[in-house]
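Here's a quick briefing to read alongside the sequence and the 3D view. Pull up the fold and follow along.

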Amino acid sequence: MMGVLNIPKLPLCSPVSLPKQSRPFVSIKASSESSNSQANPASTRAKEEQKPSFASSSTVTTFAPPPNFKPPEPKRFAVRPDKTWDIVGAALALFFRWGTGVFVSGYSASLVSENEIPPGQYCLELGGSKVKETSKIGPRPEKPIEIYEFESCPFCRKVREIVAVLDIDVLFYPCPKNGPNFRPKVAQMGGKQLFPYMVDPNTGVSMYESDEIIKYLVGKYGDGSVPLMLSLGLLTVGFIIIVLFFL
């Protein structure tokens with residue numbers, strides 16, 4: 001009885017030999033792939049040999065100046081004579097207001113260890129330590145603020161500085177004297193040609209006067225505090241106006 005019972009168990013062990021039968025099949029497949037791979041370099045070389053003949057058929061295009069063309073003569077960098085006082089008026093604020101607008105609101109820097117800076121983040125490195133820079137900026141406007149101004153105006157310069165302090169996106173519309181583009185537009189929107197003029201498309205607010213614009217931008221997109229050198233009213237531009245008057 002024991003011998004009869006062992007007979008059905010033999011077929012159950014027979015499938016163990018199946019993986020051995022699959023090995024020759026795998027090896028044959030590998031050999032066939034290798035034979036195909038050996039043919040590819042030959043075809044590749046044949047294609048490479050055809051490329052020079054294709055490139056040789058291309059034509060070379062040459063460029064020549066138009067008839068009677070005269071190249072411009074090089075000139076030294078200089079300011080136009082009618083723009084000298086505009087440049088002076090715009091640059092005086094840098095000295096009288098101690099560089100207001102160079103740093104954003106709440107800027108601070110400190111030396112920290114390398115482990116405190118996330119990998120891949122850019123920062124300055126000094127003597128094995130890294131410079132960690134932080135700032136305190138308010139909410140960002142969804143649409144850029146529109147400011148109509150011109151370069152030589154000291155009141156417009158104040159608004160440009162607070163824009164740099166708050167680090168907000170602004171569209172500046174240049175309105176120089178006798179400008180035909182945006183000066184008439186300011187008169188149409190606000191009723192008079194007075195600069196600077198601000199339009200906030202996010203809230204629908206528009207206004208004149210540099211101090212009012214500064215207070216609005218700081219209250220809406222900052223922490224509400226106006227920098228000292230921009231909060232003294234006429235004193236912030238009084239020195240500049242006096243210097244320009246005597247010049």
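**Sheet and aromatic cluster**

Strands β4 (residues 145–149) and β6 (residues 197–200) run antiparallel and are joined by three bridges. Keep in mind that this is a predicted model.

**The sheet**
- Within that pairing, Y148 has Y197 in β6 as its bridge partner.
- The full sheet is open and mixed, with four strands in the order β5-β4-β6-β7.
- β5 (170–174) and β7 (205–207) sit at the edges with a single partner strand each, so one side of each has no neighbour in the sheet.
- On average, neighbouring strands here are turned by 10 degrees against each other, ignoring direction.
- Helix α7 (residues 210–221) packs on the sheet and touches β4, β6 and β7, with its direction at about 25 degrees to that of β6.

**The rings**
- There are six aromatic pairs in the structure.
- One of them is Y148 with Y173, a stacked pair at 4.6 Å centre to centre with 15 degrees between the planes.
- Y148 is in strand β4 and Y173 in strand β5, so this pair ties together parts 25 residues apart in sequence.
- Y148 and Y197 make a tilted pair, because their ring centres are 6.2 Å apart and their planes are at 50 degrees.
- Y148 is buried at 0% relative accessible area, and Y197 is buried at 3%.
- Ring pairs link Y148, Y173, F182, Y197 and Y208 into a cluster.

**Charges over rings**
- K185 puts its charged end over the ring of Y173, 5.4 Å from the centre.
- K192 does likewise over the ring of Y208, at 5.1 Å from the centre.

Conventions. Residues numbered from 1 in each chain as written. Predicted model: local features only at pLDDT ≥ 70, side-chain atom pairs only at ≥ 80, totals over all residues. Heavy atoms only, no water. Pairing = 2+ DSSP bridges. Helix = DSSP H or I, 4+ residues; strand = E, 2+ residues; numbered from the N terminus. Axes fitted to C-alpha atoms, helices over the stretch in contact; angles between N-to-C directions. Contact = heavy atoms within 4.5 Å. Phe/Tyr/Trp six-rings, centres within 6.5 Å; stacked < 30°, edge-to-face > 60°. Buried < 20%, exposed > 50% of the residue type's maximum accessible area, 1.4 Å probe, protein only. Lys NZ or Arg CZ within 6 Å of the ring centre and 35° of its normal.
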